[in-house]
There are 2 protein chains.
Amino acid sequence: MDIHAVAKLAHVSIATVSRTINHIPTVNPKMAKRVWEAIRELDYFPNTQARALVSGRSRLLGLIVSEITNPFFPELIQGFEEVAVENGYEVLIGSTNYDPERMKSCIRRMVERNAEGVAVMTFGIEQPLLDQLADRKIPLVFVDVAPNRPGMSVLRVDYHHGIRQGVQHLAALGHRSIAFVAGPLRLHSAQSRLAAFKKALQECGIPVEEKRIIEGDHTMEGGLAAAARILEHKNLPTAIMCSNDMLAIGVLHKLSRSGLQVPGDVSIIGFDDIHMAEMMIPSLTSIQMSRSDLARAAVSALRTHLEGSTPKREYTIDTHLVVRESTGFPRGTMTRLRKFTAKRAESAAESTQ
Amino acid sequence: MDIHAVAKLAHVSIATVSRTINHIPTVNPKMAKRVWEAIRELDYFPNTQARALVSGRSRLLGLIVSEITNPFFPELIQGFEEVAVENGYEVLIGSTNYDPERMKSCIRRMVERNAEGVAVMTFGIEQPLLDQLADRKIPLVFVDVAPNRPGMSVLRVDYHHGIRQGVQHLAALGHRSIAFVAGPLRLHSAQSRLAAFKKALQECGIPVEEKRIIEGDHTMEGGLAAAARILEHKNLPTAIMCSNDMLAIGVLHKLSRSGLQVPGDVSIIGFDDIHMAEMMIPSLTSIQMSRSDLARAAVSALRTHLEGSTPKREYTIDTHLVVRESTGFPRGTMTRLRKFTAKRAESAAESTQ
DNA sequence: CAAATCCCAGTAAACCTTTACCGCAAATGT
DNA sequence: ACATTTGCGGTAAAGGTTTACTGGGATTTG
């Protein structure tokens, strides 16, 4: 059931069949029709391996993520796959689990399978591996940071925009004491988030207090631990911003179990806006970066490298605040408000005297 | 940078290189050593396409899931991938989003890429597609139900065991009025869960009340809607069991928003035990089916078909209850308990008189 | 009417590897 | 010492497709 069978049935040569399949315009419509009929008749599929072998194009894109069970990634993968398939590519997925050894094996698999381009959506990649890909002229896309080399693009996430929105939101509600639970600071993305937070505080005129910044590990357990440390302090912050939603969920749990109300006593903001954020009780205010934008940008970056058009080196990915139930006025606001209005009423009474 | 380069550098023929790489024992250790050195020197990778073309083995396994963003699946994918890679296979992932058209395109892609075997972890597959795979002698694995044909295996999930444990757990706590929020009944898995629930009720001596069974759709929104319908009834059940965790989370939300306590007023049990179940407040009692068992069984089923050993047609996947915070005594139990102990104290007083 | 041009289909090489088969050399047996 | 076996490396075919090149027939031009 190969191309010869089709050629025989359609009474043409295999070259004509090949040309027909590949929509090469020099083929006579009459013959093309015969060929398509034969193809349908035999239910023929071209052999991708043979195709890839001779054309040198595997139509395979690699996608390397940190861990597929981290709910941020499946949405990313879905988007990536969808766009890739739209463009006639297949996706090879690799997950590193933050293990450089596994990263190595992922890269190896990508090279062995002749992936035409690879998107690296996890921690940085080591130099020797990078060379391996660069030697083979395989285009790469990174998130946040990338070596400035030909064939490599970077998706720069604008952490600052979303995080500033979050801080402004809290500031507008009246929060002045905001803690930050950071991710593992060896990860670039975690560092960027922390830096954006500090900058946003300054912009809102809130002093940065280092003791209110705690390093976690982007998991729920990390959030539990971080919240425990926050609770040890004598004066509790009125709001906690987290480097990702898993941390925020952990914090939420710990606070609940300690008898604190969210947002009554403490407001919480997460980051990523994973599906789960919406499902928590209270639902989690979070900062979203669009997974589908990220996926779309990654594929189109790779495509520009592959299809010869002039590649952009940088793509910007937006972030923005999604307000839900976990943020509210700081505790005591209501009491103060009552006092304030009472006072005003008093002074009003005085003035009318 | 092909096999010839290695052969030249090692001063052997390409056949020897090939044999060395494939660990064929008839090659002289001395030459093998030279070959390995040359391979390392040149950083040579065999071309997978060419290999697949000539050997007829793509070392590719297909995995078709419903939707990758449904948190049940990423864990499954992770397990499947891990086991596949351990056995020298790569994984091609396809997601159907419950759309038969997309299923068709998934199958097509699997065939085009010459997947050696395919695991179908979603709704049933239509006859023509099945034939397409069967014609090409591609082994298949299904969940729950499969046509009895050579080359096809089925992973039979023992829904009954876990669900019975759940019902027994509720019964032991004193629940007699238990509602069930089913999944979409056109899905076999949803039907099986409902059937298992009914059977378990009977085994525990609790009458089955059809009006307490509601069809949902395995999403959080479905859970919200189902809970709304349950709240319309005059007498509320004391416990609600759900066909999956997403439904349970929806129900939990609706009840919370309606001012009901979980488990104080109503107990909830989910199914699947997705990661999220543990993160809810209260954390969700759920019935787990091991994703890693499922993945492992799927790969090993395909492997037995591929590597010629005698294939098993059926594999059984276990389920079991994981008790967390969302289940407790039925409402009023405490009041009744107090009355009971008071009464007993009374009669004890009488008898000692 | 002959020559030139053009269109398009067919032939064959190439892509890179595996593997059946051949043959050489050394070892063993008589 | 010769015949037979054994071990092992090399040669070449095969796998299914794309594509450069070739060439035949039709159409146009002089």
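P282(A) sits in the loop between α12 (275-279) and β10 (285-289) of chain A. In this predicted model, the peptide bond that joins I281(A) to P282(A) is cis, with omega at about -5°. Chain B has a cis bond too, between I281(B) and P282(B), again with omega of about -5°, and P282(B) lies in the loop between α12 (275-279) and β10 (285-289) of chain B. As background, most peptide bonds are trans, and most residues other than glycine have a negative phi.

That second point leads to two residues of chain A. N97(A), which is not a glycine, has a positive phi of about 50°, and D144(A), also not a glycine, has a positive phi of about 75°. N97(A) belongs to the loop between β2 and α6 of chain A, while D144(A) is found in the loop between β4 (140-143) and β5 (152-157). Are these residues buried or exposed? N97(A) is partly exposed, at a relative accessible area of 30%, whereas D144(A) is buried at 6%.

**Some buried residues**

The loop between β2 (90-95) and α6 (100-112) of chain A also holds T96(A). T96(A) has a relative accessible area of 0%, so it counts as buried. Setting aside residues within four places in sequence, T96(A) contacts I64(A), V65(A), S66(A), R102(A), M103(A), T122(A) and F123(A).

In chain B, C106(B) is part of helix α6. C106(B) is buried, with 1% relative accessibility. Beyond its neighbours within four places in sequence, C106(B) touches I64(B), G94(B) and S95(B). One of these partners, G94(B), is 12 residues away along the chain, and its C-alpha atom is 5.6 Å from that of C106(B).

L201(A) is in helix α9 (residues 188-203) of chain A. Outside the four nearest places in sequence, L201(A) touches V167(A), I178(A), I206(A), P207(A) and V208(A). L201(A) and H233(A) are 32 residues apart along the chain, and their C-alpha atoms are separated by 21 Å.

Here are the relative accessible areas of buried residues discussed in this report:

| Residue | Relative accessible area |
|---|---|
| T96(A) | 0% |
| C106(B) | 1% |
| L201(A) | 3% |
| D144(A) | 6% |
| T48(A) | 13% |

**How the chains meet**

How are the two chains related? A rotation of 180°, with 0.0 Å of shift along its axis, places chain A on chain B with an RMSD of 0.1 Å. That is the relation of a two-fold axis. Within chain A, the residue that comes closest to the rotation axis is Q49(A), whose C-alpha lies 2.5 Å from it.

The contact draws on 51 residues from chain A and 51 residues from chain B. Because 100% of the interface residues of chain A are also interface residues in chain B, the copies meet through the same surface. About 4,700 Å² is buried between chain A and chain B, and 55% of it is on carbon and sulfur atoms. On the chain A side, the residues that lose the most area to chain B are F45(A), Q49(A) and R113(A), which together make up 16% of what that side buries.

T48(A) offers a view of this contact from helix α4 of chain A. Apart from residues up to four places away in sequence, T48(A) touches E112(B) and R113(B).

**Empty space**

Rolling a probe the size of a water molecule over the atoms shows where empty space is left. The structure contains three cavities of 30 Å³ or more, and the largest cavity has a volume of about 90 Å³. Which residues line the largest cavity? They are T48, Q49, L60, L92 and R113 from chain A, along with T48, Q49, L60, L92 and R113 from chain B. By class, this lining comprises four nonpolar, four polar and two charged residues. Helix α4 of chain A and α4 of chain B each supply at least two of the lining residues.

The largest pocket holds about 1,200 Å³ of space. It is lined by 42 residues, and those closest to its centre are P46(A), N47(A), T48(A), R51(A) and E112(B). At least two lining residues each come from α2 (14-21) and α4 (48-55) of chain A, and from α4 (48-55) and α6 (100-112) of chain B. The largest share, six residues, is supplied by α4(A). The pocket lining divides into 17 nonpolar, 12 polar and 13 charged residues.

Terms used: Residues numbered from 1 in each chain as written. Chains lettered and ligands numbered in written order. Predicted model: local features only at pLDDT ≥ 70, side-chain atom pairs only at ≥ 80, totals over all residues. Heavy atoms only, no water. 1 Å grid on protein atoms, 1.4 Å probe; cavity = no way out; pocket = protein on both sides within 12 Å on 5 of 7 lines; lining within 4 Å. Points joined across faces, edges and corners; volume = space filled by probe spheres on them. Helix = DSSP H or I, 4+ residues; strand = E, 2+ residues; numbered from the N terminus. Nonpolar A, V, L, I, M, F, W, Y, C, P; charged D, E, K, R; others polar. Least-squares fit on C-alpha atoms with pLDDT ≥ 70 in both. Contact = heavy atoms within 4.5 Å. Buried < 20%, exposed > 50% of the residue type's maximum accessible area, 1.4 Å probe, protein only. Buried area = accessible area lost by both parts, 1.4 Å probe.
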